[in-house]
Amino acid sequence: TPLVYSGSEAQKKKYLPGLCDGTLIGGNAMSEPNSGSDAFSLATTAVKKGSNYILNGSKIFVTNGPIADLLMVFATLDKARGPNGISAFLVEKDSPGMNVARKLDKMGLRTSPMAEVFFENCEVPEENLLGKEGTGASQFTWAMTWERGCILASAVGSMQRSLERCIRYAKERRQFGQPIGKFQLVASKIVDMKLRVESARHMLYHCAWLRGQGKSAYLEAAMTKLHISDCWVKCCEDAIQIHGGYGYMTEYELERELRDAIGSRLYSGTSEMQRNIIASLLL
Ligand SMILES: Cc1cc2nc3c(=O)[nH]c(=O)nc-3n(C[C@H](O)[C@H](O)[C@H](O)COP(=O)(O)OP(=O)(O)OC[C@H]3O[C@@H](n4cnc5c(N)ncnc54)[C@H](O)[C@@H]3O)c2cc1C
């Protein structure tokens with residue numbers, strides 16, 4: 001997204017077709033060992049030297065890190081300028097001085113590889129600066145707003161599938177001589193799941209509609225991300241509970257779904273940070 005938003009024509013021509021058709025894998029390297037939610041306090045530095053920028057520092061939790069052909073790396077040219085000192089760089093795999101150091105094992109989302117990446121006097125050609133110097137923070141904020149609005153679209157599908165599965169199970173599974181769905185305590189969970197799926201879908205579509213109209217959706221994107229991630233985790237918990245002991249067995253794959261869902265409260269800004277954004281716009 002930042003490439004579309006602020007890339008040069010040459011950068012778009014070079015990278016966008018491959019990123020769109022999947023022949024190039026991209027990644028976003030913002031988080032660092034000492035800066036997560038407080039992303040703009042990052043410590044990775046960039047120094048202009050001749051026709052290159054020299055990057056030094058380390059990034060963590062880089063999704064796609066182990067397989068990425070291209071990373072968008074955020075670094076500061078002038079720490080004293082705070083967010084206004086941050087710039088974004090397109091760094092190609094195997095750039096001299098870049099080292100994808102450690103593959104990180106996660107609780108869930110295991111098909112999405114993650115790594116820690118180090119930069120030691122990493123040379124980045126000046127034409128790989130994204131946008132102008134000092135615009136990295138605004139590019140990141142813009143991209144995050146876009147991302148938060150749509151990153152959990154697949155979670156809505158996942159919740160829908162869980163709901164359908166639970167309805168089927170509640171009709172088939174019999175205890176005390178009747179389908180468990182006849183017990184109000186079970187039926188009530190299914191009602192909650194339905195409410196979550198529908199409200200999540202409406203918020204997602206509303207946010208997408210706003211963006212489609214070219215309107216700002218800063219508040220709506222934060223609310224959408226917060227609401228869907230919460231709904232997703234709760235739906236997964238209910239699905240396990242409705243399936244009883246079977247739901248706890250790995251072969252039912254409901255626990256895998258829960259492990260994936262929990263991550264959604266963390267990436268693209270934690271739930272607490274979404275609440276901070278919403279509160280700051282309301283109060
Ligand atoms: C699956 C996954 C994929 C990720 N992919 C990427 C990626 O591709 N690129 C990338 O750069 N990063 C990525 N991240 C990192 C992610 O963005 C950070 O984990 C997240 O921003 C939180 O930072 P942190 O882990 O350092 O936690 P911290 O910022 O240290 O937060 C710890 C706790 O304190 C709370 N907290 C912090 N500040 C406040 C505050 N002001 N008010 C209230 N509570 C607060 C947090 O909400 C959290 O509960 C990924 C993370 C995960 C889990």
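Helix H9 gives the largest share of the shell around the ligand, namely 3 residues. The structure in which this shell appears is a predicted model. Together with H9, which covers residues 271-282, strand E3 (52-63) also supplies at least two residues of the shell. The shell numbers 15 residues, and those that come nearest to the ligand are Asn28, Ser31, Ser37, Phe61 and Thr270. By character, the shell divides into 7 nonpolar, 7 polar and 1 charged residues.

Several individual contacts show how the protein meets the ligand. The side chain of Ser37 places an N or O atom 2.7 Å from an oxygen atom of the ligand. In Glu272, a side-chain N or O atom is 2.8 Å from an oxygen atom of the ligand. Phe61 takes part through its backbone instead, where an N or O atom lies 3.2 Å from a nitrogen atom of the ligand. The ligand taken alone exposes 970 Å², and the protein buries 62% of that area.

The view may now widen to the whole protein chain. Its secondary structure comes to 9 helices and 10 strands, and its C-alpha trace spans about 80 × 40 × 35 Å along the principal axes. Of the 283 residues in the chain, 43% are buried. The accessible surface of the chain comes to about 14900 Å², and carbon and sulfur atoms account for 55% of this surface. Among contacts with a separation of 6 or more, 70% join residues that stand 24 or more positions apart.

The interior deserves attention next. The largest nonpolar core holds 27 residues, of which Met159, Met193, Ile228, Trp232 and Ile242 touch the most other members. Two or more residues of this core come from each of helix H4 (153-172), helix H5 (184-212), helix H6 (218-242) and helix H8 (254-263). The largest share, 9 residues, is given by H6. Met159 offers a detailed example: leaving aside residues up to four places away in sequence, Met159 touches Val197, Ala200, Ile228, Cys231, Trp232 and Cys235. Another core, of 17 residues, lies apart from this one and includes Ala29, Leu71, Met98 and Val124.

Helix H8 can be considered as a unit. Because 7 of its 10 residues are buried, H8 is largely enclosed by the rest of the structure. The buried residues are Leu254, Glu255, Glu257, Leu258, Asp260, Ala261 and Gly263. Their cover includes H4, H6 and helix H7 (244-247).

Helix H6 also contains Ser229. Is Ser229 buried or exposed? Ser229 is buried, because its relative accessible area is 0%, and a residue counts as buried when this value is under 20%. Beyond residues up to four places away in sequence, Ser229 touches Leu152, Ser264, Arg265 and Ser271.

A final example is found in a loop. Asn64 lies between E3 and strand E4 (70-76). The side chain of Asn64 reaches the backbone oxygen of Gly26 at 2.9 Å. When residues up to four places away in sequence are not counted, Asn64 touches Ile25, Gly26, Pro113 and Met114. From C-alpha to C-alpha, Asn64 and Leu163 are 30 Å apart in space, and 99 residues separate them in sequence.

Key. Residues are numbered from 1 along each chain as its sequence is written. Side-chain values use heavy atoms; hydrogens and water are left out. A nonpolar core is a set of buried Ala, Val, Leu, Ile, Met, Phe, Trp, Tyr and Cys residues joined through side-chain atoms within 4.5 Å. Buried means under 20% relative accessible area, exposed over 50%, partly exposed in between (1.4 Å probe, protein chains only). Helices (H or I, at least four residues) and strands (E, at least two) are DSSP runs, numbered from the N terminus. Contact means heavy atoms within 4.5 Å. A residue is near a molecule or strand if one of its heavy atoms lies within 4 Å of it. A polar contact is a pair of N or O atoms within 3.5 Å; within protein, one must be able to donate a hydrogen and the other to accept it, and residues adjacent in sequence count only if both atoms are side-chain atoms. Accessible areas come from the Shrake-Rupley method with a 1.4 Å probe; for residues, only the protein chains shown count as cover. Ala, Val, Leu, Ile, Met, Phe, Trp, Tyr, Cys and Pro count as nonpolar, Asp, Glu, Lys and Arg as charged, and the others, Gly among them, as polar.
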